[in-house]
Amino acid sequence: MTKIVAIDGPAGAGKSTLAQGVAAHLGLERLDTGAMYRAVAWYALAHGIDVGDAEAVAEMAGRLRIEVGERVTVDGDDVTAAIRSAAVDGAVSAVAANPAVRATLVEQQRRWMKERGAGVMEGRDIGTVVLPDADLKVYLTAGTGERARRRATERRDGRSTAEVESDLARRDRLDSTRSHSPLVRPQDVADDAVVIDSTGKSADEVLEEVLRCL
Ligand code: CDP
């Protein structure tokens with residue numbers, strides 16, 4: 001029986017929609033680990049901490065109480081909308097490249113799964129680093145243009161598709177070239193991962209493809 005599902009892939013590939021669908025189908029909870037990195041970046045920006053100051057950010061991340069569920073809270077403050085801002089998009093990859101921040105959040109992510117014994121987790125390094133023993137690993141991708149169009153429609157924050165596309169491309173570059181737990185290319189994913197390119201496919205089609213692997 002599939003109890004632990006890992007979904008990885010680049011920005012805007014549709015991981016959250018897929019994770020929701022898989023979690024609902026299996027009757028499991030889901031954890032969006034990107035929201036945790038975003039929460040740390042949001043806190044640094046809100047408190048004037050330089051995201052390039054690795055020590056200060058690491059120390060801060062270790063003290064924060066981050067809860068990710070229907071809502072995202074940091075030390076009790078609801079930051080669900082705030083963590084999706086363009087400013088956070090701009091700062092999050094630097095925070096995510098910080099090995100000490102990753103160590104703190106990965107430990108929390110593993111604890112989340114251990115407490116439940118089952119669940120769906122999405123991010124960049126879930127099948128490779130956080131949960132290498134997951135029952136099902138999915139690597140979800142899509143063409144950059146399509147990912148940017150989807151993200152621009154979802155955000156509606158005044159940014160053009162071209163601006164969103166350049167942010168996604170910049171983050172993909174930073175996320176895949178960092179030295180700790182980088183986002184891997186589809187051709188380099190773990191042998192046991194199912195690679196799905198969602199370009200031109202509806203959310204339902206992608207979900208059905210994944211459910212066939214269960
Ligand atoms: O939703 P989107 O695809 O834009 O990204 P996200 O999943 O919210 O993640 C935001 C950022 O957090 C990514 O660009 C990565 O820098 C980082 N991240 C990571 O390094 N490892 C994870 N497991 C999840 C996110």
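Is D175 buried or exposed? In this predicted model, D175 is buried, with a relative accessible area of 4%. The tour returns to this residue after a walk through the sheet and its helices.

**The sheet**

Begin by selecting the five strands that make up the open sheet, which are arranged in the order β2-β6-β1-β7-β8 with parallel pairing. At the edges stand β2 (30–32) and β8 (193–197), each of which pairs on one side only. On average, neighbouring strands of this sheet are turned by 20° against each other, direction ignored.

Next, restrict the selection to β1 (residues 4–8) and β6 (residues 119–123), two parallel strands joined by five bridges. Display V5 and, in β6, V120, which stands opposite V5.

**Helices across the sheet**

Add helix α1, residues 15–26, to the view. Helix α1 lies across β1, β2, β6 and β7 (136–141), and runs at about 175° to β6. Then add helix α5, residues 99–116, which lies across β1, β2 and β6 and runs at about 165° to β6.

**Helix α4 and what surrounds it**

Select residues 86–96, which form helix α4, and colour the buried residues V88, D89, A91, V92, S93, V95 and A96. What do the buried residues of α4 pack against? Their packing partners are α2 (33–46), α3 (54–63), α5, α7 (144–155) and α8 (161–177). When viewing any α-helix, recall that there are 3.6 residues a turn, so residues three or four places apart point the same way.

**An aromatic pair**

Now select W42 and Y43. A search of the whole structure finds one aromatic pair, and these two residues form it, in an edge-to-face arrangement with 6.3 Å centre to centre and 70° between the planes. The angle counts as edge-to-face because it is over 60 degrees. W42 counts as buried at 19% relative accessibility, the limit for buried being under 20%. Y43 is also buried, with a relative accessible area of 14%.

**Salt bridges**

The last selections concern charged side chains. Side chains of opposite charge can pair when their charged atoms come close. The structure holds 22 salt bridges, and three of the pairs are visited here.

Display R30 and E122 together. They form a salt bridge whose closest N and O atoms are 2.7 Å apart. R30 belongs to strand β2 and E122 to strand β6, so this pair ties together parts that are 92 residues apart in sequence. R30 counts as partly exposed at 27% relative accessibility, whereas E122 counts as buried at 2%.

Move on to E67 and R65, which form a salt bridge with the closest N and O atoms 4.0 Å apart. Here E67 is partly exposed, with a relative accessible area of 43%, and R65 counts as partly exposed at 48%.

Finally, return to D175 and select R178 with it. Their side chains meet in a salt bridge at 3.6 Å, N to O. R178 is buried, with a relative accessible area of 9%, and D175 is buried at 4%. To close, select R38, D89, R155, D157 and R159, which salt bridges with shared partners join into one network. D89 is among the buried residues of helix α4.

Key: Residues numbered from 1 in each chain as written. Predicted model: local features only at pLDDT ≥ 70, side-chain atom pairs only at ≥ 80, totals over all residues. Heavy atoms only, no water. Phe/Tyr/Trp six-rings, centres within 6.5 Å; stacked < 30°, edge-to-face > 60°. Buried < 20%, exposed > 50% of the residue type's maximum accessible area, 1.4 Å probe, protein only. Pairing = 2+ DSSP bridges. Helix = DSSP H or I, 4+ residues; strand = E, 2+ residues; numbered from the N terminus. Axes fitted to C-alpha atoms, helices over the stretch in contact; angles between N-to-C directions. Contact = heavy atoms within 4.5 Å.
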